[in-house]
Amino acid sequence: MSPPGRIIIGFAVVIGVGTILLMLPAATTAPGGIDALSALFTITSAFSVTGLVVLDTGRDFTLFGQLVILALIQIGGLGVMVFTMLLGMRVARRTGMQLRQTVAAETKSEDFGGLRDADPGVLPDDRGGGRLPSERPVRYPLQRHRR
């Protein structure tokens, strides 16, 4: 199966499982749960991180339902970041030396293609937006995979 096909199937599986979990009576305050279309829309919106809702999340969903929605938001956000990073790496691999030098000059970067500054002290944190940076960055070499 091609990589795009795997991505589409992965999206469909995650959205399908999330929809089933949100249709469970334990996920909503409504007797008997919610209909399939409302669950599908809510989960798809959460997974694609659009923020659209049909029902009031705080009022109409139990803690379990809210956690299901939160998990899909987190998974969807991570997927967006990973996809963007992979796309950026693919584009960067195809760029020529002249473009790399131009980007390095425009961003006032000394080393555009070899080492990157990474600060392991700054980690994403949903409660406060991030941690304080550590005293100095750590330099990690980029690994290049050649075929």
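Contact here means heavy atoms within 4.5 Å. With that in hand, look at the whole chain of this predicted model. Of the contacts with a separation of 6 or more in the protein chain, 50% are accounted for by residues 24 or more positions apart. The protein chain has five helices and two strands, and from the N terminus on they run α-α-α-α-α-β-β. Buried residues make up 18% of the chain's 147 residues.

Let's start with the helix pair at the N-terminal end. Two packed helices are described by the angle between their axes and the distance between the axes. For helix H1 (residues 3-23) and helix H2, the axes come within 8 Å and cross at roughly 130 degrees. That angle makes H1 oblique to H2, because it falls outside 65 to 115 degrees, which would be roughly perpendicular, and is not over 145, which would be roughly antiparallel. The crossing of H1 and H2 is right-handed.

Who is doing the touching? On the H1 side, the contact is made by Phe-11, Val-14, Ile-15, Gly-18, Thr-19, Leu-22 and Met-23. H2 brings Ala-36, Ala-39, Leu-40, Thr-42, Ile-43, Thr-44 and Phe-47. Sort the residues of this contact by type and you get 10 nonpolar, four polar and no charged.

Pick out Thr-19 from that list. Thr-19 lies in helix H1, and its relative accessibility is 9%, so it counts as buried, the limit being under 20%. A polar atom of the Thr-19 side chain sits 2.7 Å from the backbone oxygen of Ile-15. Leaving aside neighbours within four places in sequence, Thr-19 is in contact with Ala-36, Ala-39, Leu-40 and Ile-43. Each of those four also appears among the H2 residues that make the contact with H1.

Over on H2 (residues 36-47), have a look at Ser-38. Is Ser-38 buried or exposed? Its relative accessibility is 12%, so Ser-38 counts as buried. The side chain of Ser-38 is joined to the side chain of Asp-35 by a polar contact of 2.8 Å.

Now for the loop between H1 and H2, where you'll find Thr-28. Thr-28 has a relative accessibility of 5% and therefore counts as buried. What does Thr-28 contact, leaving aside its neighbours within four places in sequence? The answer is Leu-22, Gly-33, Ile-34, Asp-60, Phe-61 and Thr-62. Take Thr-62 from that set: Thr-28 and Thr-62 are 34 residues apart in sequence, yet 5.1 Å apart in space, C-alpha to C-alpha. The Thr-28 side chain also reaches the backbone oxygen of Ala-30, at 3.4 Å.

One last stop is the loop between H2 and helix H3 (57-60), which holds Val-49. Most residues other than glycine have a negative phi. Val-49 goes the other way: although it is not a glycine, it has a positive phi of about 55 degrees. With 43% relative accessibility, Val-49 counts as partly exposed, because that value lies between the 20% and 50% limits.

How values were computed: Residues are numbered from 1 along each chain as its sequence is written. This is a predicted model: local features need pLDDT of at least 70, side-chain atom pairs count only at pLDDT 80 or more; totals for chains, interfaces and linings use all residues. Side-chain values use heavy atoms; hydrogens and water are left out. Buried means under 20% relative accessible area, exposed over 50%, partly exposed in between (1.4 Å probe, protein chains only). A polar contact is a pair of N or O atoms within 3.5 Å; within protein, one must be able to donate a hydrogen and the other to accept it, and residues adjacent in sequence count only if both atoms are side-chain atoms. Axes are lines fitted to C-alpha atoms, for helices over the stretch in contact, and angles run from 0 to 180 degrees between N-to-C directions. Angles under 35 degrees count as roughly parallel, over 145 as roughly antiparallel, 65 to 115 as roughly perpendicular and the rest as oblique. A crossing is left-handed if the near helix is turned anticlockwise from the far one by less than a right angle, and right-handed if clockwise. Ala, Val, Leu, Ile, Met, Phe, Trp, Tyr, Cys and Pro count as nonpolar, Asp, Glu, Lys and Arg as charged, and the others, Gly among them, as polar.
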